Amino acid sequence: MNTRSASARRSARAPGASPSVPDTVAIRAARGEDLPQIVALDAAITGVAKRTHWKRLIERTSRPRDPEGCFLIAETPQERGTALLGFIEGEIRAWEFGSAPCGWVHVLGVHPEARLHGLGQRLLDALASEFKRAGVTRMRTMVLRDDRVVMQFFRAAGMMAGPYLELEKELE
Amino acid sequence: MKLQVSSQLAIYAVLELLAHRDRPVTVGEIGAKYGVSNHHLAKVMHVLGRAGLVNSTRGAGGGYQFNGNVRRITLLDVIDLFEQLGPPAADPADPGAATAQGRALLQVLREIDDIARSTLGSITLATMEKLVEQQGAAPAAAAIRNALAGG
């Protein structure tokens with residue numbers, strides 16, 4: 001949960017004044033060779049490098065046996081290779097908390113220089129398309145309730161409060 | 001929860017100004033739509049003007065126009081101009097204030113207020129416009145569906 005909220009808090013923005021993503025930006029499934037750029041971008045956003053975490057996530061979401069996971073990246077061509085602009089990862093979960101199958105958005109990150117151009121929205125739309133293609137009709141995420149910027153981003157994307165309330169306690 | 005009338009009117013007024021961005025809107029127009037007195041509405045508009053959220057022009061063709069960033073200003077920003085929604089402070093005059101029961105009740109009430117503030121702070125005016133549009137379209141869509149189903 002920390003990964004999700006911390007990364008999203010620093011990356012998402014409510015739609016800004018210039019809402020168009022350049023045509024050169026492509027969104028595709030994350031692959032093993034993207035790992036160094038993903039780790040670097042996440043570390044730049046959150047301040048913590050989590051190589052093992054991202055490696056496992058890429059491996060898990062690219063397994064044919066595990067079609068419920070989805071890890072997408074946004075990239076733009078450069079003189080040599082491509083530059084990573086953002087990523088989004090989510091998963092279809094079913095019957096936990098009594099919930100029918102539903103797509104969860106776990107993490108969304110956008111490069112600081114690429115923000116306020118609608119890239120976060122485009123990544124979210126791409127993930128939603130994957131969820132729909134897999135047959136689910138509902139998407140969920142979790143946000144720190146005092147994180148107004150991220151809350152505003154997801155609200156602007158049409159997300160409303162769902163039927164669940166997160167509960168927790170300190171374990172003594 | 002229930003908002004104070006002034007907060008509600010301020011939100012309605014701002015949404016009306018946004019719905020008519022191309023021209024100034026008069027207090028009379030807004031008052032007629034929501035069935036409130038021009039006097040009460042004028043006070044609300046004065047507060048909105050003082051906060052810099054609306055501009056007014058006098059004379060024939062005058063009225064109010066919205067002045068701000070709809071993608072940044074939230075419902076909470078508007079409401080905060082008229083009432084304090086924050087968690088209640090412990091009131092020593094409350095008969096249970098010094099008791100564990102009183103403190104427990106205050107803890108629950110603060111949780112509710114936190115969630116309310118968070119929700120209102122997450123809805124920008126731009127998002128609110130989308131919600132209004134959906135609500136406006138919903139009855140029409142339902143009528144079309146009913147007509148098609150019946151016809």
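**Two chains and the helices where they meet**

Okay, let's start with helix α5 of chain B, where the buried residues are Leu120(B), Gly121(B) and Ser122(B). By buried I mean that 20 or more other C-beta atoms, placed from the backbone, lie within 10 Å of the residue's own; 12 or fewer makes a residue exposed, and anything in between is partly exposed. Helices here are DSSP runs of H or I with at least four residues, strands are E runs of at least two, and both are numbered from the N terminus.

Quick housekeeping. This is a predicted model, where local features need pLDDT of at least 70 and side-chain atom pairs count only at 80 or more, while totals for chains, interfaces and linings use all residues. Residues are numbered from 1 along each chain as its sequence is written, with chains lettered from A and ligands numbered from 1 in the order in which they are written.

Back to α5(B). What do its buried residues pack against? They pack against α5 of chain A, together with α4 (75-79) of chain B. α5(B) has 23 residues and spans 33 Å from first C-alpha to last, close to the expected 33 Å at 1.5 Å a residue; that expectation is 1.5 Å times one less than the number of residues.

Now the contact between the chains. It takes 11 residues from chain B and 11 from chain A, where a contact means C-beta atoms, placed from the backbone, within 7 Å. On the B side, α5 (100-122) and α6 (125-150) each supply at least two residues, and α5(B) gives the largest share, 6 residues. By class, that side of chain B has 3 nonpolar, 6 polar and 2 charged residues. Nonpolar here is Ala, Val, Leu, Ile, Met, Phe, Trp, Tyr, Cys and Pro; charged is Asp, Glu, Lys and Arg; the others, Gly among them, are polar.

And the partner helix, α5(A)? Residues 148-156 are mostly covered, with 8 of 9 buried, including Phe153(A), Phe154(A) and Arg155(A). After α5(A) comes Gly158(A), with a positive phi near 95°.

Over to the rest of chain A. It has 5 helices and 5 strands, and the 5 strands form an open, mixed sheet in the order β1-β2-β3-β4-β5. β1 (26-29) and β5 of chain A sit at the edges with a single partner strand each, so one side of each has no neighbour in the sheet. Strands pair when DSSP finds at least two bridges between them; β2(A) (69-77) and β3(A) (82-93) are antiparallel with 9, and Glu75(A) has Leu84(A) as its bridge partner.

Two helices lie across that sheet. α3(A) (51-61) crosses β2 and β3 at about 110° to β2(A), while α4(A) (119-133) lies across β1, β2, β3, β4 and β5, at about 40° to β3(A). Those angles run from 0 to 180 degrees between N-to-C directions, using lines fitted to C-alpha atoms, for helices over the stretch in contact.

Last thing, confidence. pLDDT is the predictor's confidence in each residue, from 0 to 100. Chain A averages 85, with 87% of its residues at 70 or more. Where is chain A lowest and where is it highest? Helix α1(A), residues 2-11, is the low point at a mean of 42, and β5(A), residues 139-140, is the high point at 97. Residues 1-19 of chain A are below 50, though that stretch has 55 contacts in the model beyond near neighbours in sequence. Where pLDDT is low, the predicted coordinates should not be read in detail.
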